[in-house]
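Dear colleague,

Please find below the structure that I am handing over to you. My notes on what was found in it follow directly after.

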Amino acid sequence: MENRNQFYDLTQSEMLALWKQVMRLDTPRRDCAVEWDDGIDLDALLLTHIKQWYAHQLATAPAHLLPIDDVKEQVTLTASGGLVAATIPDHCVRPVEWRLAGWQRSVTEFLDPCTHEAMLQLNEWTRGGDCDPAIIDYGFQLLMTSDSNEPRLEMARCVVRPADGTYQFHSDLLATIPEWKPTPI
């Protein structure tokens with residue numbers, strides 16, 4: 001279980017203030033007024049960097065440092081010939097742990113469709129089945145095998161993008177902010 005005590009749950013303005021503090025861009029002096037009209041819009045630039053940083057963290061950081069939700073009630077399953085296609089909700093960034101009823105274990109490693117292991121799952125004689133399940137990750141659709149004609153999800157844990165637009169992450173990710181180098185567009 002994740003330690004939720006060390007998690008941040010910040011609004012956009014709180015996240016902007018945190019970034020300014022971490023990057024040493026905040027202005028601690030408030031006893032004077034400074035006007036500048038030929039500089040960049042620092043807040044707009046930082047907000048762009050924040051969005052890129054957070055999207056990158058959701059996609060690549062260790063899952064225990066990010067918001068995780070069991071979305072099994074929101075997943076649509078379609079079964080045919082021993083294969084089960086699962087369409088996951090839009091707010092899911094990546095799967096973490098999935099399990100169909102009848103499987104002997106849950107899956108935490110998801111296969112790239114271009115790998116040899118993924119190709120083996122498409123053949124009824126070489127696929128893992130209920131004793132050694134595997135899941136191929138196509139992005140917003142996962143392909144898995146099941147011996148059941150009516151598969152049912154027991155668990156579908158995913159890293160999720162918070163629906164309310166907040167930034168939720170573990171405090172350990174703060175150290176990655178100063179080194180963040182966004183990819184040029």
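Which residue in E8 is the bridge partner of Asp-69? It is Cys-158. Please bear in mind throughout that the model is predicted.

**Asp-69 and its sheet**

Asp-69 lies in strand E2, which comprises residues 68-70. Along the sequence, Asp-69 and Cys-158 are separated by 89 residues, yet their C-alpha atoms are 5.6 Å apart in space. Leaving aside residues up to four places away in sequence, Asp-69 touches Ala-156, Arg-157, Cys-158 and Val-160. Why does Asp-69 count as partly exposed? Its relative accessible area is 34%, and this class applies because the value falls between the 20% limit for buried residues and the 50% limit for exposed ones.

E2 and strand E8 (residues 153-160) are joined by 3 bridges in the antiparallel sense. Both belong to an open sheet of 3 strands, ordered E2-E8-E5 and paired antiparallel. At its edges are strand E2 and strand E5 (92-100), each of which pairs on one side only. On average, neighbouring strands of this sheet are turned by 20° against each other, direction ignored. Helix H2 lies across E5 and E8, and it runs at about 20° to E5.

**Helix H1 and the strands E1 and E9**

Helix H1 spans residues 12-22, and its buried residues are Met-15, Leu-16, Leu-18, Trp-19 and Lys-20. As general background, an α-helix has 3.6 residues a turn, so residues three or four places apart point the same way. The cover over the buried residues of H1 includes strand E1 (7-10), helix H2 (42-60) and strand E9 (167-170). Just after H1, Arg-24 adopts a positive phi of about 60°.

Two of these covering elements also pair with each other: E1 and E9 run antiparallel and are joined by 4 bridges. In this pairing, Phe-7 stands opposite His-170 of E9. Strand E9 is covered on both faces, with Tyr-167 and Phe-169 on one side and Gln-168 and His-170 on the other, all of them buried.

**The four-stranded sheet and a pocket**

A further open sheet consists of 4 strands in the order E3-E4-E7-E6, again with antiparallel pairing. Its edge strands are E3 and strand E6 (135-137), each pairing on one side only. Here too, the average turn between neighbouring strands is 20°, direction ignored. E3 and E4 are held in register by 5 antiparallel bridges, and within this pair the bridge partner of Thr-78 is Ala-85 in E4.

These two strands also contribute to a pocket. Strand E3 (76-80) and strand E4 (83-87) are the elements that give two or more residues to the lining of the second largest pocket. The volume of this pocket is about 150 Å³. Of its 13 lining residues, Gly-81, Gly-82, Ser-146, Ser-148 and Asn-149 lie nearest the centre. By class, the lining of the second largest pocket holds 3 nonpolar, 7 polar and 3 charged residues.

When you open the model, I would suggest beginning with Asp-69 and its bridge partner Cys-158 in E8, and then turning to the pocket lined in part by E3 and E4.

With kind regards

Definitions and conventions: Residues numbered from 1 in each chain as written. Predicted model: local features only at pLDDT ≥ 70, side-chain atom pairs only at ≥ 80, totals over all residues. Heavy atoms only, no water. Buried < 20%, exposed > 50% of the residue type's maximum accessible area, 1.4 Å probe, protein only. Contact = heavy atoms within 4.5 Å. Pairing = 2+ DSSP bridges. Axes fitted to C-alpha atoms, helices over the stretch in contact; angles between N-to-C directions. 1 Å grid on protein atoms, 1.4 Å probe; cavity = no way out; pocket = protein on both sides within 12 Å on 5 of 7 lines; lining within 4 Å. Points joined across faces, edges and corners; volume = space filled by probe spheres on them. Nonpolar A, V, L, I, M, F, W, Y, C, P; charged D, E, K, R; others polar.
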